[in-house]
Amino acid sequence: MQILFYSPDNKPEPWLAGLAQALPEASLQVWQDGMTATDVQPADYIVAWKPPAAMLAGHPGLKAIFNLGAGVDAILQLGDALPPNVPLVRLDDAGMAVQMAEYATYAILRHFRRFDDFELQAQQQQWGFLKPNDKADFSVGILGLGVLGSRIAAAVQHFGFPLRGWSRSRKDLPGVACFAGDGELDEFLSGTRILVCVLPLTAETTHILNRSTLEKLPKGAYLINIARGAHVAESDLLALIKSGHLAGATLDVFRNEPLPRQHPFWQEPRISVTPHISALTLRENSINQIAGKIRALQRGEPIAGIVDQSKGY
Ligand code: NAP
Ligand code: GLV
């Protein structure tokens, strides 16, 4: 069995060592930038993050492509370069859901408990009481109730925030007011004080957070974006924060990453920036999950996490 590996964000050696341990029968190769199809043996499986198109050509017996992340927007951009009828498999939690729950909980509590305001006060060496927020006014709304969004909902529920969520198909999650489809987006937004975006990036969700939708949030609402930068129309967000309609935002993802030094988000005190770290791909968890799925495919068994390419996630 031939496995071809590529990840521009990681040193390949520990991944190869882990894959070799999990799948001793496999021959492992690394794709290097600048290679062509003739430089590698045809692969049975590709394990890759943001692969170049050239890597995907010349594998007549390819059985699956494993994406080293939950989001498949980058790989789907390859379009026709993706071999037809080969399953594309996303990471299915693999240790990311709890990281997302930690990040979202931190950002929600930081804003709700006014730690962001206390931090600004402390920078001025000010000791001052600030009126606490009322939890009943702090409904948390989660855009995307999939693997990650549902785990965030479960974590936030412990703190007693009113909870709502939005997805394409209707969900039934205890303690969560569930909204579905474009027709219910406005109603979902109008009752959301803290909006957490954990949607996949698709044609339908690109720029979903624009002036028109963000204005549907109540005055003083707060945005947490941990999905993809292109969900947000960045200038609309900035304008709505400056006008006071939105109280601020915690952003982990951006249209251009790394966030350019001159980007106005860096200068806006009501925007907190982190460098796309809300949920990291964990090597051991990911290798175990992928190896388990390769073994299942070798036995002819079905696996979870196959991307519906017509939906884009
Ligand atoms: P998932 O399990 O596929 O869940 C996606 C959710 O979004 C589902 O509930 C889906 O609805 C909903 N959705 C998709 N398109 C929609 C639409 N047009 N209208 C309404 N709802 C829609 O994905 P996941 O594993 O939770 O991951 C979500 C995203 O998080 C990834 O795609 C990735 O971009 C991002 N992510 C970011 C980081 C980071 O570090 N910043 C890390 C990991 C993942 P249905 O349930 O009805 O299908
Ligand atoms: C990271 O952004 C992922 O999609 O896993």
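A pocket is an open set of points on a 1 Å grid over the protein atoms alone, with protein on both sides within 12 Å along at least five of seven lines. Its volume is the space filled by probe spheres set on those points. All views below show a predicted model.

**Figure 1. The second largest pocket and the residues that line it.** The space in the second largest pocket amounts to about 340 Å³. Its lining consists of 20 residues, of which H111, D116, D117, A247 and R270 are the closest to the centre of the pocket. Two helices, α3 and α4 (115-123), and two strands, β11 (246-251) and β12 (271-273), each contribute at least two residues to this lining. The greatest contribution, five residues, is that of α4. Sorted by class, the lining of the second largest pocket holds eight charged, six polar and six nonpolar residues.

**Figure 2. The shell of residues around ligand 1.** Ligand 1 is surrounded by 29 residues, and R90, R168, S169, K171 and Y313 are the closest of them. The shell comprises 15 nonpolar residues, eight polar residues and six charged residues. Helix α3 (96-112), helix α5 (147-157) and strand β7 (163-167) each provide at least two members of this shell. Ligand 1 lies between domain 1 (2-93 + 281-298) and domain 2 (96-273), because both domains give residues to the shell around it.

**Figure 3. Polar contacts of ligand 1 with L145, V147 and H276.** Two of the contacts shown involve the protein backbone: a polar backbone atom of L145 is 3.0 Å from an oxygen atom of ligand 1, and a backbone N or O atom of V147 is 2.9 Å from an oxygen atom of the ligand. At H276 the contact is made through the side chain, where a polar atom lies 3.5 Å from a nitrogen atom of ligand 1. Taken alone, ligand 1 exposes 940 Å², and 93% of that area is buried by the protein.

**Figure 4. Ligand 2 and its surrounding residues.** The shell around ligand 2 is formed by W49, G69, A70, G71, M96, R228 and H276. By class, these residues divide into three nonpolar, three polar and one charged. Polar backbone atoms of two residues approach oxygen of the ligand: the distance is 2.7 Å for A70 and 2.8 Å for G71. The side chain of R228 also takes part, with an N or O atom 2.8 Å from an oxygen atom of ligand 2. On its own, ligand 2 has 190 Å² of accessible area, and the protein covers 87% of this.

**Figure 5. The largest cavity and its lining.** The count of cavities of 30 Å³ or more comes to one. The largest cavity has a volume of about 30 Å³, and its lining is made up of F66, N67, V89, R90, L91, Q289, I290 and K293. Strand β4 (64-67) and helix α9 (283-298) are the elements that supply two or more of these residues. The largest share is that of α9, with three residues. Four residues of the lining are nonpolar, two are polar and two are charged. R90, which lines this cavity, is also among the residues closest to ligand 1.

**Figure 6. Backbone geometry at P258 and A94.** The peptide bond that joins E257 and P258 is cis, with omega about -5°. P258 is placed in the loop between β11 and β12; these two strands each supply at least two residues to the lining of the second largest pocket. A94 is a residue other than glycine with a positive phi, near 50°. The position of A94 is in the loop between β5 (88-89) and α3, and α3 in turn gives at least two residues to the shell around ligand 1.

Definitions and conventions:
Residues numbered from 1 in each chain as written. Chains lettered and ligands numbered in written order. Predicted model: local features only at pLDDT ≥ 70, side-chain atom pairs only at ≥ 80, totals over all residues. Heavy atoms only, no water. Near = heavy atom within 4 Å. Polar contact = N/O pair within 3.5 Å; in protein donor to acceptor, adjacent residues only side chain to side chain. Areas by Shrake-Rupley, 256 points an atom, 1.4 Å probe, with all protein chains shown as cover. Helix = DSSP H or I, 4+ residues; strand = E, 2+ residues; numbered from the N terminus. Nonpolar A, V, L, I, M, F, W, Y, C, P; charged D, E, K, R; others polar. Domains from an automatic or database assignment. 1 Å grid on protein atoms, 1.4 Å probe; cavity = no way out; pocket = protein on both sides within 12 Å on 5 of 7 lines; lining within 4 Å.
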